[in-house]
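Here are my notes from going through this one, in no strict order of priority. Have the model open while you read.

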Amino acid sequence: MKVEYLSAILASSLLIFGCNSDNDDEVVTEPPVVVIPPVVVPPVVVVPPVVDGVSIDDASTVVVKLDTFDSITGALSFTVANSEGEALTNVANYDIVYFGFPDPASPSIKPKAWKRWHVTQNYQCDSTATDSCTGTLEATDTAGKYTFNVSDLDLQSKASANAEMVFKVAVQIKGALASNEIELIDPSN
């Protein structure tokens, strides 16, 4: 072999072995890739501001919805709003009438007993007259919700002896411009 080839082989082997340094023990590794899932933020729900309501004297319509009716004590709770559903505040004037009807399941054996056919008890308030309110009307913490209580409801004593009665109530709330339509409401409604 020629010396020229031999020196070329030797030079190339030195280059190959020379690149192989003593740092073979040190292994370079890349840090692990951690995939963090994106944070999903729920959509923001915009809650409309609490409306204090409309004064009853500014309302052009009045709608009353009876929430509860205790036929024994006469305690009522109801919601007063306008036809758009806005709560009506400052309610003070009312006519509330409790009715006692004979139970249709037990008809009267005296056909001329029409005078005792039904009994009523009325409660009213006219805020323009002083001391003319009967019963207690109170606004609750929720705008447009009211309770009404009486201490002297006694329909049974006005009825015929041993009469089985069905009770109903009519509530009329009065504003300066409007009042609700009166309807008889059963305690179950």
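**Notes on the model**

1. Let me start with a side-chain pair. Thr-79 and Lys-145 make a polar contact through their side chains, at 3.0 Å. Thr-79 is part of strand β3. Keep in mind that this is a predicted model, so each distance here is a computed one.

2. What else does Thr-79 touch, leaving out residues up to four places away in sequence? Besides Lys-145, the list has Gly-144 next to it in number, plus Val-63, Val-64, Lys-65 and Asp-67.

3. On to the largest nonpolar core, which has 29 residues. The members that touch the most other members are Leu-76, Phe-78, Val-80, Tyr-98, Phe-148, Val-169 and Ile-173. At least two residues of this core come from each of β2 (63–69), β3 (76–81), β5 (93–102), β6 (119–125), β8 (145–149) and β9 (165–174). Which strand gives the most? That is β9, with five residues.

4. Ile-173 deserves a closer look, as one of the core residues just listed. Ile-173 sits in β9 and is buried, at 0% relative accessibility. Setting aside neighbours within four places in sequence, Ile-173 is in contact with Ile-56, Val-62, Val-64, Phe-78, Val-80, Val-91, Asn-93, Tyr-94, Ala-178, Ser-179 and Asn-180. For Val-91, the C-alpha separation from Ile-173 is 7.4 Å, with their positions 82 residues apart along the chain.

5. Gln-172, also in β9, is a polar residue to check. Buried or exposed? Gln-172 is buried, because its relative accessible area is 16% and the cut-off for buried is under 20%. A polar atom of the Gln-172 side chain lies 3.5 Å from the backbone oxygen of Asn-180. Beyond the neighbours within four places in sequence, Gln-172 has contacts with Asn-93, Tyr-94, Asp-95, Ser-179, Asn-180 and Ile-182.

6. Now the sheet. Three strands make up an open sheet, ordered β6-β5-β9, with antiparallel pairing. The edges are β6 and β9; each has a single partner strand, so one side of each has no neighbour in the sheet. On average, neighbouring strands of this sheet are turned by 10 degrees against each other, direction ignored.

7. How many bridges join β5 to β6? There are seven, and the two strands run antiparallel. If you want a spot to zoom in on, Tyr-98 stands opposite Gln-121 in β6. Tyr-98 is also among the core residues that touch the most other members.

8. The disulfide count comes to one. The pair is Cys-125 and Cys-133, with 1.8 Å between their sulfur atoms. How do the two ends compare in exposure? Cys-125 counts as buried, at 9% relative accessibility, whereas Cys-133 counts as partly exposed, at 42%.

9. Last, a backbone point. Most residues other than glycine have a negative phi. Asn-90 is not a glycine, yet has a positive phi of about 60 degrees. Where is Asn-90 found? In the loop between β4 (88–89) and β5. Asn-90 is exposed, with a relative accessible area of 56%.

Methods
Residues are numbered from 1 along each chain as its sequence is written. This is a predicted model: local features need pLDDT of at least 70, side-chain atom pairs count only at pLDDT 80 or more; totals for chains, interfaces and linings use all residues. Side-chain values use heavy atoms; hydrogens and water are left out. A nonpolar core is a set of buried Ala, Val, Leu, Ile, Met, Phe, Trp, Tyr and Cys residues joined through side-chain atoms within 4.5 Å. Buried means under 20% relative accessible area, exposed over 50%, partly exposed in between (1.4 Å probe, protein chains only). Helices (H or I, at least four residues) and strands (E, at least two) are DSSP runs, numbered from the N terminus. A polar contact is a pair of N or O atoms within 3.5 Å; within protein, one must be able to donate a hydrogen and the other to accept it, and residues adjacent in sequence count only if both atoms are side-chain atoms. Contact means heavy atoms within 4.5 Å. A disulfide is a pair of cysteine sulfur atoms within 2.5 Å. Two strands pair if DSSP finds at least two bridges between them. Axes are lines fitted to C-alpha atoms, for helices over the stretch in contact, and angles run from 0 to 180 degrees between N-to-C directions.
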